[in-house]
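Biologist: I work at the bench and would like to learn how to read a model like this one. Could you take me through it feature by feature?

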Amino acid sequence: MNICVFLSAADLDDRYTRPAREFAELLGKAGHTLVWGGSDVGLMKVVADGVQEAGGRLLGVSVEFLEAKARPVTEPDRMLVTADLAERKAALLEHADAVVIMVGGTGTLDEATEILELKKHGHTTKPVVLLNTAGFYDGLKTQFRRMEDEGFLPVPLTDLVFFAEEPVGALAYLEESMGTR
């Protein structure tokens with residue numbers, strides 16, 4: 001399975017890097033491919049390293065203005081470079097069978113809301129997991145529930161996203177959803 005992970009390229013402390021590394025190792029050991037933003041810094045590097053070291057493959061999608069931070073890859077891994085962020089998001093989703101949203105900033109939030117909007121309108125059926133590491137997305141989870149309760153979501157929140165508190169639960173949900181478990 002090609003699993004797209006939206007996440008930060010920032011250097012973060014252990015409460016975020018440890019679970020990200022754990023998820024990466026689970027993904028790699030299961031033989032899945034990481035589809036990610038292609039960066040070789042911060043949390044993106046932690047996840048790519050973990051997947052690769054555990055036997056998984058990498059498919060990076062960088063963008064021209066960040067190409068200097070892109071991870072060097074060799075066969076069988078791949079790196080695509082897009083002209084802009086919109087093209088990058090489209091390429092990430094095009095190459096993914098499923099999506100995991102990890103901790104991140106505005107770019108990650110932008111990517112997360114786009115995939116959820118696509119699901120809401122029936123333009124994708126890819127499973128989406130929001131990995132709520134250290135309660136990072138508690139406020140967003142509350143906001144999504146309010147949107148649902150007050151009629152802003154035309155489909156149940158559970159049809160859009162699965163909230164996982166731990167990496168093992170995130171991967172288990174994806175594998176079950178995709179019938180690979």
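Modeller: Gladly! Let's begin with what packs over a helix: the buried residues of H2 are covered by elements that include helix H1 (14–29), strand S2 (33–36), strand S3 (57–63) and helix H3 (85–94). Keep in mind that this is a predicted model.

Biologist: Which residues of H2 are buried?

Modeller: They are Gly42, Leu43, Met44, Val47, Ala48, Asp49, Gly50 and Val51. As background, an α-helix has 3.6 residues a turn, so residues three or four places apart point the same way.

Biologist: What span should the 12 residues of H2 have, and how far apart are its end C-alpha atoms?

Modeller: Count 1.5 Å a residue, using one less than the number of residues. For H2 (residues 42–53) this gives an expected 16 Å, and the end C-alpha atoms lie 17 Å apart, so the two agree. After H2 comes glycine 55, which has a positive phi, near 100°.

Biologist: Let me try the same reading on H7. Which of its residues are buried, and what covers them?

Modeller: In H7 the buried ones are Pro167, Ala170, Leu171, Ala172, Leu174 and Glu175. Their cover includes strand S1 (2–6), H1, S5, strand S6 (128–131) and strand S7 (162–164). The length check works here too: the 12 residues of H7 (residues 167–178) should span 16 Å at 1.5 Å a residue, and the 17 Å between the end C-alpha atoms agrees. Glycine 179 follows H7, with a positive phi near 70°.

Biologist: Now single residues. Is valine 129 buried or exposed?

Modeller: The cut-off for buried is under 20% relative accessible area. Valine 129 has 0% relative accessibility, so it counts as buried. This residue lies in strand S6, and its contacts beyond four places in sequence include Val99, Val100 and Ile101. Ala170 and Leu174 are also among the residues that valine 129 touches, and both appear in the buried list of H7.

Biologist: And valine 63, what does it touch?

Modeller: Leaving out residues up to four places away in sequence, valine 63 touches Val81, Thr82, Ala83, Asp84, Leu85 and Arg88. It sits in strand S3 and is buried, since its relative accessible area is 0%. Sequence distance and spatial distance are separate readings: valine 63 and glycine 38 are 25 residues apart in sequence, with 8.6 Å between their C-alpha atoms.

Biologist: I would like to see a charged side chain as well. Is lysine 141 buried or exposed?

Modeller: Lysine 141 counts as buried, because its relative accessibility is 16%. You will find it in helix H5 (residues 138–149), touching Phe163 and Glu165 once residues up to four places away are set aside.

Biologist: How do I read the largest pocket, and which residues lie nearest its centre?

Modeller: Start with its volume, about 360 Å³, and then look at the lining. Of the 21 lining residues, Met44, Leu66, Leu85, Arg88 and Gly107 lie nearest the centre. Helix H4 (106–120) and H3 each supply at least two residues, and H4 gives the largest share, 5 residues. By class, the lining holds 7 nonpolar, 9 polar and 5 charged residues.

Biologist: Where in the chain is confidence lowest, and where is it highest?

Modeller: Where pLDDT is low, the predicted coordinates should not be read in detail. Here the chain has a mean pLDDT of 94, and 99% of its residues reach 70 or more. Strand S4 (residues 78–82) is lowest with a mean of 93, while strand S5 (residues 98–101) is highest at 98.

Terms used: Residues numbered from 1 in each chain as written. Predicted model: local features only at pLDDT ≥ 70, side-chain atom pairs only at ≥ 80, totals over all residues. Heavy atoms only, no water. Helix = DSSP H or I, 4+ residues; strand = E, 2+ residues; numbered from the N terminus. Buried < 20%, exposed > 50% of the residue type's maximum accessible area, 1.4 Å probe, protein only. Contact = heavy atoms within 4.5 Å. pLDDT = per-residue confidence, 0-100. 1 Å grid on protein atoms, 1.4 Å probe; cavity = no way out; pocket = protein on both sides within 12 Å on 5 of 7 lines; lining within 4 Å. Points joined across faces, edges and corners; volume = space filled by probe spheres on them. Nonpolar A, V, L, I, M, F, W, Y, C, P; charged D, E, K, R; others polar.
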